[in-house]
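Here's a set of exercises to work through with the model open in your viewer. Try each task before you read its solution.

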Amino acid sequence: MAEESARPQGSRGLLWTSVTVVYAAVVLFPIFWMASMMVKPNEAMFARPTAWFFTPTLEHFDYVLAQGFHWSLLTSFVLCTLSTALVVVIGTPAAYAFARFEMKLKDDMFLFILGTRMAPPVCLVIPFYFIFARLNLLDTFLGLTLAYMTFNLSFYIWVLRSFCRDLPVELEEAAALEGWSRAQVFRRVVFPLLRNGIVATAVLCFIFAWNEFLFAFMLGGKAVQTLPVSIPKLITSQGVRWGEMAVVGMTALLPVLAVVFVLQRHIVRGLTLGAVKG
Amino acid sequence: MNAALAQSATRAAALVVEGIGKSFPAGKGGAKGALRRVLEEIGLEVAPGEILALTGPSGAGKTTLCRILAGLERPDEGAVRLGGRDLAGVPAGRRAVAFLFESYALYPHLTVRQNALSPLQAPNAVGAGAGRLDPAAAERRVDEVLELLEIRHLDARLPGALSGGQKQRVALARTLVQDPALFLLDEPISHLDAKLRHKLRGEIRRRLSAQPAPAIWSTPDGMEALSVGDRVAVIADGRIEQVGTPEQIWLSPVSTRVAKLLGDPPMNLVPGTLAQEGGGLSFTRRELRLALPPALAAAARRAKSAEVVLGVRPDALTLVPPDAAGAARAEIYSNEPFGKHAIVTLDLGALLVKAKTTMSLASGLGDLAGAGTGEGIGAPVGLELPAEGLVLFDGPTGRALPAA
């Protein structure tokens with residue numbers, strides 16, 4: 001289509017294609033390596049010269065399941081879904097309000113919200129620990145959900161506000177003049193047009209939460225153990241279990257890939273800001 | 001509340017606008033808290049079924065006025081009444097106003113048909129007397145309007161797949177399906193091509209005239225305003241300059257501002273001075289001299305200043321050979337053939353004047369000017385002023401001098 005016709009012609013095109021291919025190979029090689037480690041027998045793991053061909057084994061999977069790592073996967077999934085859902089429910093109206101309504105100290109409030117994202121997380125985790133200890137929120141789903149919301153909510157509001165701003169206000173005015181109530185205008189006009197932006201931003205929030213280590217490690221860890229926190233357990237007194245680490249690592253990668261793949265259409269549209277035209 | 005308005009719609013209520021004023025923050029560049037006055041003392045009356053064309057240069061306040069009438073902006077002072085009822089406390093959604101936005105404001109995620117149906121499906125749906133139209137009737141009405149606007153075949157498309165002109169017609173359809181207490185059309189056909197504009201101007205006017213609701217049709221095009229309005233209101237710099245029938249506005253513009261806005265091309269405005277000459281008054285600008293006819297002379301006597309501006313329509317000017325007696329000498333600046341007529345621009349000494357002439361005269365202008373054949377650009381030519389159809393304006397204020 002358009003990309004086809006815009007492609008540089010001849011040797012320049014070939015050059016660019018090879019550069020792209022080389023770059024992709026460099027980026028994807030560690031992932032390929034990790035994938036191969038999942039089924040590599042321990043003897044072949046660090047063999048010199050590198051063993052490119054070996055008899056695949058499932059022993060790493062057996063160990064990971066026996067050690068209950070699938071529970072960490074479930075924990076991660078529930079926690080991230082829950083916190084992302086809450087962020088969307090709370091953040092969408094907030095972002096809309098920041099974009100549309102006049103209020104006192106709006107800019108100050110907005111900066112304050114963004115401010116929660118400015119400090120390095122390690123500065124926040126200590127006070128969080130003490131507060132959560134007092135409130136009996138340590139090592140609970142609720143506690144970690146709240147902790148994730150603090151940094152994802154600000155990000156979400158910040159990004160979604162610009163999506164809201166790009167919506168022509170006249171669309172809402174037109175609907176209001178037709179006789180739709182404010183809630184109906186939001187449901188019929190605003191929400192459908194914001195959907196791509198919401199999905200794209202929510203996916204980013206989900207990924208941030210999914211990959212988060214510090215908060216999950218400090219505020220959770222036993223009853224509520226996320227996948228990133230479970231990985232260090234594979235550094236054992238008998239040595240580092242590389243194959244198992246590769247299995248857990250790849251497992252952590254897949255849901256994110258799946259989410260991005262399924263929602264690709266929305267994300268691409270959402271990330272190309274200002275795509276809504278009246 | 002809405003039922004009452006719908007009732008008044010069927011009873012056909014007049015729109016009365018009194019002393020509307022509005023300021024906006026001056027915005028960037030201005031001091032903080034500074035205000036920019038966009039509307040001042042706007043007073044209008046639109047009878048049921050009447051179309052008032054609102055015209056003025058862009059930035060004059062047309063859109064702001066429409067938005068205030070719709071309830072999308074709050075006026076700083078003044079009142080809007082519909083059928084004697086003050087609309088101050090009535091929110092936009094309950095005013096039963098059919099508004100056409102200049103930017104179309106089509107819902108990008110809904111098809112053409114869904115866009116046009118939207119106002120008929122709303123719970124506070126505008127019009128149709130008591131309550132909502134039943135779905136089948138709503139569909140029929142939408143079909144009819146889409147047919148009229150020649151976009152029925154596009155009804156399953158999304159607005160993103162339409163051309164600008166098609167989008168404007170969808171917006172128009174969404175307005176015309178309604179049966180409101182007031183129509184507000186903000187530049188409804190400005191972005192259409194000439195052919196469609198001519199076709200739709202008549203169609204919309206016909207449709208609006210058949211409706212009991214008053215209508216306001218805003219347009220920056222003065223000629224469009226004259227053609228669509230039962231009456232025309234000219235607005236400039238946030239003030240109403242003149243309200244009147246198209247004939248009144250055309251024949252006796254109250255100010256140079258109104259004169260400048262109307263006509264194709266607009267009225268020529270020639271600054272000059274008044275001088276006593278024999279028993280009468282004459283208008284002089286360099287070698288251009290005109291003994292004023294009695295009616296105009298009477299008007300001129302009321303002038304406070306000798307500095308006046310003479311307004312003359314391009315089609316009233318006559319081109320003659322440069323040495324003709326009594327003609328002012330001018331130089332041909334450009335010559336645009338239109339086929340049915342031609343527009344010749346003349347350099348009258350630091351002032352360009354446009355004359356609308358016959359095609360045959362324009363193509364032989366070089367001959368007329370004695371400069372051989374061709375368009376005759378740069379050649380001298382004589383210019384004669386008519387004795388009628390002239391308007392005299394006061395120089396300093398730009399206000400028309402009242403004739404008799």
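## Backbone oddities

**Exercise 1.** Find Pro49(A), say which loop holds it, and work out the geometry of the peptide bond that leads into it.

*Solution.* Start with the location: Pro49(A) sits in the loop between helix 3 (42–45) and helix 4 (59–66) of chain A. Keep in mind that this is a predicted model. Now check the omega from Arg48(A) to Pro49(A): it is near -5°, and the bond is cis.

**Exercise 2.** Do the job again in chain B, for the bond that joins Asp264(B) and Pro265(B).

*Solution.* Omega is about -5° here, and the peptide bond is cis. As for its place, Pro265(B) belongs to the loop between helix 9 (256–261) and strand 11 (268–277) of chain B.

**Exercise 3.** What is the sign of phi at Asn136(A), and which helices flank its loop?

*Solution.* Phi at Asn136(A) is positive, about 55°, although the residue is not a glycine. Its loop runs between helix 7 (121–134) and helix 8 (141–166) of chain A.

## Confidence

**Exercise 4.** Decide which part of chain B deserves caution, using pLDDT.

*Solution.* First take the chain as a whole: chain B averages a pLDDT of 85, and 90% of the residues score at least 70. Next go element by element. Helix 1 (residues 2–11) of chain B has the lowest mean pLDDT, 45, while strand 3 (residues 51–55) of chain B has the highest, 96. Then look residue by residue: over residues 1–10 of chain B, pLDDT stays under 50. The model still has 26 contacts beyond four places in sequence for that stretch. Where pLDDT is low, the predicted coordinates should not be read in detail.

## Between the chains

**Exercise 5.** Describe the side of chain B that touches chain A: how many residues, from which elements, and of what class?

*Solution.* Begin with the predictor's scores for the complex: an ipTM of 0.82 and a pTM of 0.80. Counting contacts, 22 residues of chain B meet 17 residues of chain A. On the chain B side, strand 6 (97–100) and helix 3 (112–121) each supply at least two residues. By class, that side has 16 nonpolar residues, six polar and no charged.

## Helix packing around helix 3 of chain B

**Exercise 6.** Classify how helix 3 of chain B packs against helix 5 (residues 164–176) of chain B.

*Solution.* The two axes come within 7 Å and cross at roughly 30°. Angles under 35 degrees count as roughly parallel, so helix 3 of chain B is roughly parallel to helix 5 of chain B. The crossing of these helices is right-handed. Now list who makes the contact: helix 3 of chain B gives Val112(B), Asn115(B), Ala116(B), Ser118(B) and Pro119(B), and helix 5 of chain B gives Val170(B), Ala173(B) and Arg174(B). Sorted by class, the contact has five nonpolar residues, two polar and one charged.

**Exercise 7.** Now classify the packing of helix 3 of chain B with helix 4 (residues 135–148) of chain B.

*Solution.* The axes are 10 Å apart, at an angle of about 130°. That angle makes helix 3 of chain B oblique to helix 4 of chain B. Handedness next: this crossing is right-handed. From helix 3 of chain B come Arg113(B), Ala116(B), Leu117(B), Leu120(B) and Gln121(B), and they meet Ala138(B), Arg141(B), Val142(B), Val145(B) and Leu146(B) of helix 4 of chain B. The class count is seven nonpolar, one polar and two charged.

## Domains

**Exercise 8.** Describe how the assigned domains of each chain meet.

*Solution.* Take chain A to start. The assignment gives domain 1 (2–38) and domain 2 (60–271), with centres 31 Å apart over C-alpha atoms. Four residues of domain 1 of chain A and seven residues of domain 2 of chain A make the contact. The domain 1 side has four nonpolar, no polar and no charged residues.

Over in chain B, the assignment gives domain 1 (2–254) and domain 2 (261–394), and 39 Å separate their centres, again over C-alpha atoms. Here 11 residues of domain 1 of chain B touch four residues of domain 2 of chain B. Helix 7 (222–228) and helix 8 (246–251) of chain B each give two or more residues to the domain 1 side, and helix 7 of chain B has the largest share, three residues. That side holds seven nonpolar, four polar and no charged residues.

Definitions and conventions. Residues are numbered from 1 along each chain as its sequence is written. Chains are lettered from A and ligands numbered from 1 in the order in which they are written. This is a predicted model: local features need pLDDT of at least 70, side-chain atom pairs count only at pLDDT 80 or more; totals for chains, interfaces and linings use all residues. Domain bounds come from an automatic or database domain assignment. Two residues are in contact if their C-beta atoms, placed from the backbone, lie within 7 Å. Ala, Val, Leu, Ile, Met, Phe, Trp, Tyr, Cys and Pro count as nonpolar, Asp, Glu, Lys and Arg as charged, and the others, Gly among them, as polar. pLDDT is the predictor's confidence in each residue, from 0 to 100. Helices (H or I, at least four residues) and strands (E, at least two) are DSSP runs, numbered from the N terminus. Axes are lines fitted to C-alpha atoms, for helices over the stretch in contact, and angles run from 0 to 180 degrees between N-to-C directions. Angles under 35 degrees count as roughly parallel, over 145 as roughly antiparallel, 65 to 115 as roughly perpendicular and the rest as oblique. A crossing is left-handed if the near helix is turned anticlockwise from the far one by less than a right angle, and right-handed if clockwise.
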